[in-house]
Amino acid sequence: MKNSFITSFLTMCMVLLFMCGAGSAVKISLEDIHISTVGQKVDLPITLDAAPAGISGYKFNTSFEPTGVARVSAVTMPEWAPIKVIEGTPGEKVLVSAVDLNMKVEAGAGKTEICKLSIEGLSEGTTSMSLAIAEITDDTGSPIAVEITPVSVKVGSKNSGPLPVQTPQTSSTPVPTPEVTPEITDNTVPAVEITPTVTPTPVPTVVAGFKAQLQEGSAPMTVLFTDNSTGYPTKFLWDFGDGSSDNTSPLQNPQHIYRIPGVYTVSLTASNSVYTNSTQKAGFISVKPMHLPTRGAKNNVTIFSVPDGAEVYLNNAYQGLTPVELSNLSTRDYQLRLHKEGYYDVVSPIRILDNVLPTFISGFEMMPHLAEIGKLSADPPQTGAAYIVSYPELVNVRINGTMVGKTDIMIMNLAVGTHNLTLEKAGYEPWNDTLEIKNGLAVIQTYHFEEPYFPLNRTVEYVQYP
């Protein structure tokens, strides 16, 4: 009954909205632009005249016809768009996309600016700039119908274009005889043809350059790279130097996760329509192993993963598919790597020494491998870790109902938030608890069981991760 009432109410609302707004699509009205000189830039606001049902997100492309007269040199996004993608600047074909993640543009919004384009003159002349809306949706997920007024862009003197057609005047008032008298043939009036002299704008030389938000840390380490090349490059190719499956990127400002400890050389190749330049920084990124909590000297390690079936490599030597037990390990440092098609590699050090964990390392939560192209967010994933210790050891551990291994275990790459934790061991009462995962931290939860049926107590501690 309640669902029927809600459905009827929503239907009435949609009918009223249609009756009120039928035939009145949202408009983007663009004003013609005049750029006085080559190299000058003029701002062009892109504004919806109304947003009756709010804005969820949008994506559009720019183009110029004819080309070579003007381009989009930069894009300024509104404060309501925390998730945004801008590709192709500076250039004539630019992709602009945004998402109103926090629903700041609510239903009933009036005039709303979705972005601001900076238009730069390249050579004298006139061109037409078009906006091709790939998608724009309201807060209900429905597409918004948009009418767009095309915009004309003129670069150079206002009088530098072709002269208008000269039409002879018929009047009783004497008219001075013009120096050039066009001949009239077949009842047509030809224009006086003037060929303007256009000096090509020189293309600047590209000099590649970049910087990084972070250059040193512990694996896994997320690094945001920023291009600071000169010469207005439009194409980029990064090499992050670690040989991973996502070792390269065509984005202007990409991010990369270094999962294997080591020192890496990073290179960038940048190019515009004429010039290409590369730069390389040796030993630019330094990734250290993650430090694990201590407990006691052990020589046997069992590796689990979520999902299972991941390839296990110890010092790059194949050991089998998870779950797998590694036994008779000598006292030394090892590098563990898990690989599974469609997921990022997980890398963690294993140190077999006195007073150093572990007997069991387990529950590596493997993250799906998402392509950078087309991804709306450039933010690093929000993850943490959990280290579960129990007395006695070898207690089965389930995270959100999935078996991840036995204590003592380190669970990697857990999403930020609350997870269900279940501890099970024959002869003991199961212990149901929760894990509160915080970004960049590892929670250490220690459990003491009292034989035979119920737990005695537990402790919780947070440490820096990795």
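**A walk through a strand-rich chain**

At a relative accessibility of 29%, Arg 398 counts as partly exposed. The model in which this residue is seen is predicted. Arg 398 has a charged partner: Glu 424 forms a salt bridge with Arg 398, with the closest N and O atoms 3.3 Å apart. The two residues link distant parts of the chain, since Glu 424 belongs to strand β33 (residues 417–424) and Arg 398 to strand β30, 26 residues apart. Glu 424 is likewise partly exposed, at 27% relative accessibility.

The residue that follows in number, Ile 399, also lies in strand β30. Its relative accessibility is 5%, below the 20% limit, and Ile 399 therefore counts as buried. Ile 399 and His 419 are separated by 20 residues in sequence, yet their C-alpha atoms are 6.7 Å apart in space. Apart from neighbours within four places in sequence, the contacts of Ile 399 are Val 404, Leu 414, His 419, Asn 420, Leu 421 and Leu 435.

Two residues of the adjoining loops have unusual backbone angles to consider. Leu 394 lies in the loop between β29 (383–391) and β30 (396–399), and its phi is near 60 degrees, a positive value in a residue other than glycine. Asn 400 lies in the loop between β30 and β31 (402–406); its phi, also positive in a residue other than glycine, is near 55 degrees. Leu 394 has a relative accessible area of 42% and is partly exposed, and Asn 400, at 43%, is partly exposed too.

The view may now be widened to the whole chain. The chain contains one helix and 36 strands. Of its 466 residues, 39% are buried. Among contacts with a separation of 6 or more, 64% are between residues 24 or more positions apart. The exposed area of the chain is about 25400 Å², of which carbon and sulfur atoms supply 53%.

Charged pairs offer a further route through the fold. Side chains of opposite charge can pair when their charged atoms come close. The structure holds four salt bridges. In one of them, the side chains of Glu 120 and Arg 71 meet with an N to O distance of 3.1 Å. This pair joins distant parts of the chain: Glu 120 is in strand β10 (residues 112–121), Arg 71 is in strand β6, and their positions lie 49 residues apart in the numbering. Both partners are buried, Glu 120 with a relative accessible area of 8% and Arg 71 with 12%.

Another of the salt bridges connects Glu 216 with Lys 288, whose closest N and O atoms are 2.9 Å apart. Here too distant parts of the chain are linked, with Glu 216 in strand β15 and Lys 288 in strand β21 (residues 276–288), 72 residues apart. Glu 216 is partly exposed at 47% relative accessibility, and Lys 288 is partly exposed at 40%.

Strands β15 and β21 belong to an open sheet of five strands with mixed pairing, in the order β15-β21-β20-β17-β18. At its edges stand β15 (216–218) and β18 (248–249); each has a single partner strand, so one side of each is left without a neighbour in the sheet. Further inside the order, β17 (residues 235–239) and β20 (residues 262–271) pair in the antiparallel sense over five bridges. Phe 236 stands opposite Ala 270 in β20.

What charged residue is buried yet has no salt bridge? That description fits Asp 138, for which the nearest side chain of opposite charge, Lys 59, is 17 Å away. Asp 138 is located in the loop between β11 (125–137) and β12 (146–148). Leaving aside neighbours within four places in sequence, Asp 138 is in contact with Ala 53, Gly 54, Ile 55, Ser 56 and Ile 144.

Cis peptide bonds occur in two further loops. The bond joining Glu 65 and Pro 66 is cis, with omega about 0 degrees, and Pro 66 lies in the loop between β5 (57–65) and β6 (70–76). The bond joining Thr 89 and Pro 90 is also cis, with omega about -10 degrees, and Pro 90 is placed in the loop between β7 (83–87) and β8 (95–99).

The last stop is on the surface. Val 203, Val 274 and Tyr 275 make a nonpolar surface patch of about 230 Å². Val 203 sits in the loop between β13 (151–155) and β14 (210–212), and at 32% relative accessibility Val 203 counts as partly exposed.

Technical notes:
Residues are numbered from 1 along each chain as its sequence is written. This is a predicted model: local features need pLDDT of at least 70, side-chain atom pairs count only at pLDDT 80 or more; totals for chains, interfaces and linings use all residues. Side-chain values use heavy atoms; hydrogens and water are left out. Helices (H or I, at least four residues) and strands (E, at least two) are DSSP runs, numbered from the N terminus. Buried means under 20% relative accessible area, exposed over 50%, partly exposed in between (1.4 Å probe, protein chains only). Contact means heavy atoms within 4.5 Å. Accessible areas come from the Shrake-Rupley method with a 1.4 Å probe; for residues, only the protein chains shown count as cover. Patches are made of residues with over 30% relative accessible area and no salt bridge: like charges are joined within 9 Å, nonpolar side chains (Val, Leu, Ile, Met, Phe, Trp, Tyr) within 5 Å. Two strands pair if DSSP finds at least two bridges between them. Lys and Arg count as positive and Asp and Glu as negative; His and the chain ends are not counted.
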